[in-house]
Amino acid sequence: MTEKTTNSQPSPDKRLSQWLFNPFKFIAGFRALLLGVAIILLSAFFGWLGNTHFDGVIDVHTGLQGPLWFFCTEGLINWVCMAIPLFFFGLIVSHRSFRMIDVLGTQALARWPYLVTSLAMLPGANRRFAEYIMSRLGMGAAAVSINYVDMLIFAFAMLLSILMVIWMVTLMYRAYAVSCNIKGAKAIITFIIGLLSAEVLSKIVIIALLTNRFGANSTSF
Amino acid sequence: MKVLPTICPACSNQLKVKSLICLQCDTEIQGQYELSALASLNGDDQSFILEFMKASGSLKEMAKLLRLSYPTVRNRLDEIIERVKLAEKPEENSRKENL
């Protein structure tokens with residue numbers, strides 16, 4: 001089947017910006033779900049290599065080593081905790097019909113900036129800097145020496161992580177707006193409430209999982 | 001072919017049909033006729049509806065055809081439905097006036 005144009009085709013620049021900031025215009029449903037889950041698991045794998053935990057819907061922390069399954073579970077918990085409240089908000093606010101697979105798929109794919117974060121956190125300099133901070137704060141870590149290169153790498157990783165958080169939240173909002181067909185103030189307000197409730201919910205579930213599997217002394221990274 | 005204008009360029013109100021002509025015999029009919037709800041849509045929306053009809057009303061087929069995601073196509077259809085409903089309102093009003 002040939003491609004039809006019932007709308008004026010966007011310029012290549014516009015199409016690129018749409019792929020970057022609203023890829024859900026082009027991809028949703030089962031394809032987005034498969035790709036999104038693969039990205040979540042890949043981020044978890046790199047997180048496991050660099051001891052980077054995504055221990056909340058928008059949280060990134062470096063610290064405790066753990067089994068790979070735990071990093072994967074964190075990623076999946078974050079995704080589900082974000083998608084489920086937004087699905088219910090969509091049911092309440094949107095007067096249109098929409099599919100759960102689109103909400104799940106687009107929210108999974110919206111997490112792709114954290115793949116970049118997990119890669120940025122891979123260098124050992126980040127872990128050394130985190131241990132250095134912990135030792136300076138007297139939080140039990142042994143004294144660690146760092147150099148300027150470590151500091152520069154850590155600063156770059158932090159800056160990139162902040163940008164990726166902003167990017168991911170933007171994508172999550174776009175995913176919600178497209179998959180539930182909600183616009184304007186209603187979309188913004190329900191998204192913020194959904195994000196806050198998802199953050200709390202994901203924290204509770206991850207801490208419960210952590211204490212259940214590793215004991216009461218393992219509740220912080 | 002020229003695109004039928006539906007909105008007045010001067011005051012942005014909905015245009016009506018004033019005359020129709022047969023190009024075969026030059027018969028011209030004058031009056032004041034409403035545009036149908038579909039005719040009052042813009043060219044892009046009309047093409048979308050036409051393609052949608054050709055795709056047997058399948059949003060999945062439309063998504064493939066336009067290389068857009070399913071919810072994007074569905075949202076576009078919802079927007080057009082809203083516009084058709086808005087365009088139908090003046091017709092309803094005029095029908096009530098005629099009764």
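In the predicted model, the crossing of helices α2(A) and α3(A) is right-handed. Helix α2 of chain A covers residues 29-50 and helix α3 of chain A covers residues 68-93; their axes come within 8 Å and cross at roughly 140 degrees. Angles over 145 degrees count as roughly antiparallel and those from 65 to 115 as roughly perpendicular, and α2(A) and α3(A) are therefore oblique to each other. On the α2(A) side the contact involves Ile40(A), Leu41(A), Ser43(A), Ala44(A), Phe45(A), Gly47(A) and Trp48(A). These meet Leu68(A), Phe71(A), Cys72(A), Glu74(A), Gly75(A), Leu76(A) and Trp79(A) in α3(A). By class, the residues of this contact comprise 10 nonpolar, 3 polar and 1 charged.

Helix α3(A) also packs against helix α4 of chain A, residues 100-109, with axes that come within 9 Å and cross at roughly 140 degrees. That angle makes α3(A) oblique to α4(A). The crossing of α3(A) with α4(A) is right-handed. From α3(A), the residues involved are Trp79(A), Met82(A), Ala83(A), Leu86(A), Phe87(A) and Gly90(A). Their counterparts in α4(A) are Met100(A), Val103(A), Leu104(A), Gln107(A) and Ala108(A). The contact of α3(A) with α4(A) is made up of 9 nonpolar and 2 polar residues, with no charged ones. Trp79(A) takes part in the contact with α2(A) and in the contact with α4(A).

These helices belong to a chain with 8 helices and 2 strands. Along the sequence, the elements of chain A are arranged as α-α-β-β-α-α-α-α-α-α. The C-alpha atoms of chain A fit a box of roughly 65 × 40 × 35 Å along the principal axes. Chain A has 221 residues, of which 38% count as buried. Among contacts in chain A with a separation of 6 or more, 74% join residues 24 or more positions apart.

Backbone angles were examined next. Most residues other than glycine have a negative phi. Asn51(A) has a positive phi, near 55 degrees. Asn51(A) is placed in the loop between α2 and β1 (52-53) of chain A. With 20 other C-beta atoms within 10 Å, Asn51(A) is buried, since the threshold for burial is 20 or more.

A second positive phi, near 65 degrees, is found at Asp26(B). Asp26(B) lies in the loop between β1 and β2 of chain B. Asp26(B) has 7 C-beta neighbours inside 10 Å and therefore counts as exposed, the limit for that class being 12 or fewer.

The two strands of chain B that flank this loop form a hairpin, with 6 residues between them and Asp26(B) in the turn. Strand β1(B) and strand β2 of chain B, residues 28-33, are antiparallel and pair over 4 bridges. Within the pair, Ile21(B) of chain B stands opposite Glu28(B) in β2(B). Strand β1 of chain B spans residues 17-21, and of its 5 residues the number buried is 0, so β1(B) lies largely in the open.

Between the chains, 17 residues of chain A are in contact with 15 residues of chain B. The side of chain A that touches chain B consists of 7 nonpolar, 5 polar and 5 charged residues.

Key:
Residues numbered from 1 in each chain as written. Chains lettered and ligands numbered in written order. Predicted model: local features only at pLDDT ≥ 70, side-chain atom pairs only at ≥ 80, totals over all residues. Contact = placed C-beta atoms within 7 Å. Nonpolar A, V, L, I, M, F, W, Y, C, P; charged D, E, K, R; others polar. Pairing = 2+ DSSP bridges. Axes fitted to C-alpha atoms, helices over the stretch in contact; angles between N-to-C directions. Parallel < 35°, antiparallel > 145°, perpendicular 65-115°, else oblique. Left-handed = near helix turned anticlockwise from the far one by under 90°.
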